[in-house]
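User: I should like to understand the terms applied to this structure. Please set each value against its criterion.

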Amino acid sequence: MKDKENRGWVDRIILYADKVVILLTEILVALLLIFSIYVLWDMSYSDRTAFSSWELLKYRPSVEEGEEPTFNELRSINPDVVGWLTVYNTNIDYPVVQGKDDMEYVSRDVYGEFKLTGSIFLTSENKKDFSDPYNVIYGHHMDNKAMFGGIDDYKTQSYLDSHHDGALITPNGIYKLDIFACITTDAYEKKVYDVNAKKDGNLSELKKYAEKHQKTRRMSGIGFWDNASYDDSSRRVVALSTCATGDTAGRTVLLAEMSAADEAYLRSHESTSDKNLMEAEGHGKNEYWAVLNLICILLSLLITFPIHKVKEKFGKKYIHKKRLSYTIYVIEGVLLVVGVVFFILTEDMRLPVTILDKWTPVMILIYAVILGLDMIVWYKNKPAYEKADKQINDETNSKAENKAFEG
């Protein structure tokens, strides 16, 4: 008898331990899912915010007939702003800042706030007015081609030939940029990154290095290849540097000649008819999040989870669970996860709210499919639900009658 009692206690302990293990496993899976969703959101947010927003683009210095670009509003945001860099028909269209050192804006945006994508910044070794013969500008390499991520495209000669025009607008003047080479190097190469060694305007060492490590280059009309002496203040060189894909220390660099320009040059590249082509594809997008998309997700949650609660409430006693129902439950769960992840990747609830956006049809479709599947489950199990309701009502009435009789 005691042996049976002991075995009973052992069985109960094993049962409770099994339940604890299952509960801890479910909690761990839930935490991993939440963490994975957060990582996806963080990566998506970093990619989306790497482009200039409409809020920032409205401060972009532009010129009207008879006017000069002004930096007053832009520098009121951040006095460290030293210019605005644009490479036409690419995603490079950003303000340029300069910090006390080259780490200050690696993970800080133009507003001075923490941001993994950082800012486009002029090395602290250069003069902030770009008067040095050789100037180096850094930017992160983003996989969606934001910031300086599109520089990889310049490794193709045809792309360089058709995307070599740019502009650098500074408080002291307007400069034309003529990109003439794309080279690969590493982060410690002094021939490329030692700005102080080139203060005298002698860029002959850089020329030799560029000839050896070039991926693409343009020759026609580029004085750099003929005479790498830039002691004349009217001719300067700008390097746009970013990380190389798949190489921790690797760097990809664009070299551009910088020469004085005027408002007419800017207007010729920024006419109304060409403006949409000149601006980068990602700039100014995702400035709102859609409340209708959130409503679709919440409705999907309300539809999906009550099904499982109903299933547990009635149990095997009342509902004959068929394989079809289980399959639909799984499909609904997968669609719900897809919908939540999709919402996280496409919406930023810190932005102003709007009713709908271009992703709303997708969210409505996900909700409609979940609702349709829910209706199928309900229709297939309707007789069992009705039977369960009747049996529950009969049991409730019977208990009430017994209680009244006892009273």
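Analyst: Certainly; please note that this is a predicted model.

User: Why is Thr86 called buried?

Analyst: The relative accessibility of Thr86 is 3%. Buried means under 20%, so Thr86 counts as buried. Thr86 lies in strand β1, residues 81-87. Leaving aside residues up to four places away in sequence, Thr86 touches Arg60, Ile92, Asp93, Gly166 and Ala167.

User: What makes the pair Thr86 and Asp93 a polar contact?

Analyst: The side chains of Thr86 and Asp93 are joined at 2.9 Å. The cut-off requires N or O atoms within 3.5 Å, and this pair therefore qualifies as a polar contact.

User: How do you know that the length of helix α11 agrees with its number of residues?

Analyst: Helix α11 comprises 21 residues, 360-380, and at 1.5 Å a residue should span 30 Å. The C-alpha atoms at its ends are 30 Å apart, so the two values agree.

User: Which residues of α11 are buried, and why are they placed on the same side?

Analyst: The buried residues of α11 are Thr360, Met363, Ile366, Ile370, Leu373, Asp374 and Val377. They cover an arc of only 165 degrees around the axis, which means that they lie on the same side of α11. Pro361, Leu365 and Tyr379, on the other side of α11, are exposed. As a general rule, an α-helix has 3.6 residues a turn, so residues three or four places apart point the same way.

User: Why is Cys182 called buried, and why is Cys243 called partly exposed?

Analyst: Cys182 has a relative accessible area of 0%, and is therefore buried. Cys243 has a relative accessible area of 31%; partly exposed covers the range between 20% and 50%, so Cys243 is partly exposed. A disulfide requires cysteine sulfur atoms within 2.5 Å, and by this rule the count is 0.

User: What is the class of Tyr111, and why?

Analyst: Tyr111 has a relative accessible area of 37%, and is therefore partly exposed. Tyr111 is found in the loop between β2 (93-97) and β3 (120-122). Its C-alpha atom is 6.3 Å from that of Ile77, although the two residues are 34 apart in sequence.

User: What makes strand β6 mostly covered, and with which strands does β6 pair?

Analyst: In β6, residues 173-186, 10 of the 14 residues are buried. Antiparallel pairing joins β6 to β5 by 6 bridges, to β9 by 12 bridges and to β7 by 3 bridges. Pairing requires at least two bridges. Among the bridge partners, Gly166 is matched with Leu177 in β6, and Lys176 with Ser259 in β9.

Definitions and conventions:
Residues numbered from 1 in each chain as written. Predicted model: local features only at pLDDT ≥ 70, side-chain atom pairs only at ≥ 80, totals over all residues. Heavy atoms only, no water. Helix = DSSP H or I, 4+ residues; strand = E, 2+ residues; numbered from the N terminus. Buried < 20%, exposed > 50% of the residue type's maximum accessible area, 1.4 Å probe, protein only. Polar contact = N/O pair within 3.5 Å; in protein donor to acceptor, adjacent residues only side chain to side chain. Contact = heavy atoms within 4.5 Å. Expected span 1.5 Å × (residues − 1). Arc of directions from axis to C-beta.
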